Amino acid sequence: MLDWLDPLLLARWQFGLTTLYHFLFVPLTIGMVPVVAIFQTAWVRTGNLRYLHLTRLFGKIFLINFAMGVVTGIVQEFQFGMNWSDYSRFVGDVFGAPLAMEGLLAFFLEATMIGLWIFGWDKLPAKLHLATIWLLAVSTTLSAYFILAANAFMQNPVGFVINEERGRAELVDIWAVLTNPVALAQFPHTIFASIMFAAVVVVAVAAYHLSKGQYIDEMRTALRFGLITNIVMFAGVAISGDQLSIIMTQTQPMKMAAAEALYTTTAGASFSVFSLGTPDGSSEIFSIRIPYLLSFLSTHDFFGTVEGINDLQAQYEQQFGPGDYTPIIWVTYWSFRWMIGLGALSALVSMVGLWVTRGGRTPEGWAWKVAIWSAPLPLLASLIGWIFTEMGRQPWIVFGLMLTEDGVSPGVAGWEVLLSLIAFTLIYGALAVVEFRLIVRAAVDGPKDWAKYGGADGSTDGPVDPTKLATVY
């Protein structure tokens with residue numbers, strides 16, 4: 001019988017929910033900064049007021065989202081000490097190093113630049129102010145890399161030795177941790193996916209205003225930019241995802257086997273788009289398969305050999321001792337497909353969007369609704385991708401080094417975790433409603449005072465006096 005007051009079960013739920021909640025804000029934070037920086041660069045170079053308004057509009061959305069991301073990220077890190085103290089004690093010397101670098105280097109730079117950008121509009125020279133948003137983009141990207149390096153250690157532990165006397169892992173090579181092949185492959189995949197989400201947010205905002213007949217010239221610019229950016233970034237996601245598959249096969253072959261529910265080691269393995277069968281893989285009822293694709297994704301060889309779950313289980317039992325070393329197969333199988341499918345669907349919507357708006361055409365009302373309601377697709381793909389990444393590592397909290405069940409805090413009772421889980425859920429739920437409403441309000445309000453400081457004809461093509469920006473906004 002399932003024990004609902006089991007500290008391990010509750011700690012896993014709490015960390016999983018907190019992580020997914022935090023990651024609601026991460027992609028938009030990472031992806032929106034370069035978008036805002038590009039719009040501001042266009043404004044500084046051309047003096048065209050439409051780019052200024054787009055900069056301030058999407059900058060406001062970024063700032064609202066950034067504030068929530070910081071709050072939820074801090075709470076997430078506290079859990080390492082609260083619920084996962086044995087894990088923190090065992091690998092904290094290694095795992096904590098890139099997180100410390102993120103806080104002391106990237107986040108300090110991030111905080112400084114965001115302050116200068118917010119308050120420097122009418123105080124800093126235009127080009128210097130522009131530099132602050134680009135440095136903010138660099139620091140946000142660096143922050144993402146350090147965090148991914150820490151996570152990569154959990155997927156593929158490197159750069160450490162085990163101190164038998166102290167019973168813990170100790171850092172011996174920070175460069176190995178920072179250049180972990182999993183981090184190097186995961187980083188561009190995450191960045192491309194984040195910019196995809198930012199791009200479709202731009203598309204959704206533009207589609208809303210165009211459907212209302214508002215700010216036509218400005219929103220057409222935003223729409224085309226968002227559609228093209230989404231498609232280009234999806235190509236980047238696909239290419240980086242292919243490289244990540246190769247690295248995953250080399251470092252975590254069980255995860256790749258679980259992604260296909262491949263139980264028997266196979267050469268020239270096919271990839272099932274859809275499959276029905278028994279949980280143990282002994283019988284397949286129905287499937288739609290692409291021949292040789294899994295082998296190609298895993299080895300870049302259509303006839304390459306992919307290790308199966310049963311063979312890997314036997315290998316791990318011999319290497320690590322008795323136990324079940326397989327993740328929950330239905331979770332890994334379907335999350336892998338939903339991740340790919342939702343990302344591809346988002347790119348397809350953008351391709352259709354480019355076609356129906358070609359040559360300045362105005363599509364039917366349904367097209368605007370599709371553009372608006374398809375905005376969450378890249379975010380959902382990213383969330384499900386992280387579910388696959390973390391659930392596919394199970395039962396390890398650090399692959400091949402420490403089981404998840406061994407990392408939980410020994411002195412924390414189940415009811416204590418349950419109380420904090422309920423409290424976090426209620427507070428986060430309320431904050432999510434506030435965040436969503438603020439972003440929607442900013443998006444619906446759109447830019448302000450379009451013609452007030454435009455050209456002589458009231459258009460947005462004329463120059464604007466930068467000293468008047470404070471009165472515009």
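Let me begin with two helices that meet: the axes of helix 7, which covers residues 181–211, and helix 14, which covers residues 377–391, come within 8 Å and cross at roughly 155°. Because angles over 145 degrees count as roughly antiparallel, helix 7 is described as roughly antiparallel to helix 14. I should say straight away that this is a predicted model, and that everything I describe today was computed from it.

Which residues of the two helices make this contact? On the side of helix 7 they are Gln186, Thr190, Ala193, Met196, Phe197 and Val200, and on the side of helix 14 they are Pro378, Leu379, Ser382, Trp386 and Thr389. If we sort the residues of this contact by class, we find seven nonpolar and four polar, with no charged residue among them. As you look at the numbering, it may help to recall that an α-helix has 3.6 residues a turn, so residues three or four places apart point the same way.

Please keep Val200 of helix 7 in mind, since this residue of the contact also appears in the lining of the largest cavity. A search of the whole structure finds two cavities of 30 Å³ or more, and the largest has a volume of about 50 Å³. Along with Val200, its lining is made up of Val203, Leu227, Asn230, Ser346, Val349, Ser350, Ala371 and Ser374. Helix 7, helix 8 (216–251) and helix 12 (329–356) are the elements that each give two or more residues to this lining, and the largest share, three residues, comes from helix 12. By class, the lining of this cavity has five nonpolar and four polar residues, and no charged ones.

What, then, surrounds the second largest cavity? This cavity, with a volume of about 30 Å³, is lined by Met254, Lys255, Tyr316, Tyr325, Gly392, Arg393, Gln394, Trp396 and Phe399. Here the classes come out as five nonpolar, two polar and two charged residues.

Two of those lining residues, Met254 and Lys255, bring us to my last topic, helix 9, which spans residues 253–260. Is this helix mostly covered or mostly exposed? It is mostly covered, with eight of its eight residues buried, and Met254 and Lys255 are in that group together with Pro253, Met256, Ala257, Ala258, Ala259 and Glu260. If you follow the chain just past the end of helix 9, you reach Ala261, which takes a positive phi of about 55°.

Notes. Residues numbered from 1 in each chain as written. Predicted model: local features only at pLDDT ≥ 70, side-chain atom pairs only at ≥ 80, totals over all residues. Heavy atoms only, no water. Buried < 20%, exposed > 50% of the residue type's maximum accessible area, 1.4 Å probe, protein only. Helix = DSSP H or I, 4+ residues; strand = E, 2+ residues; numbered from the N terminus. Axes fitted to C-alpha atoms, helices over the stretch in contact; angles between N-to-C directions. Parallel < 35°, antiparallel > 145°, perpendicular 65-115°, else oblique. Contact = heavy atoms within 4.5 Å. Nonpolar A, V, L, I, M, F, W, Y, C, P; charged D, E, K, R; others polar. 1 Å grid on protein atoms, 1.4 Å probe; cavity = no way out; pocket = protein on both sides within 12 Å on 5 of 7 lines; lining within 4 Å. Points joined across faces, edges and corners; volume = space filled by probe spheres on them.
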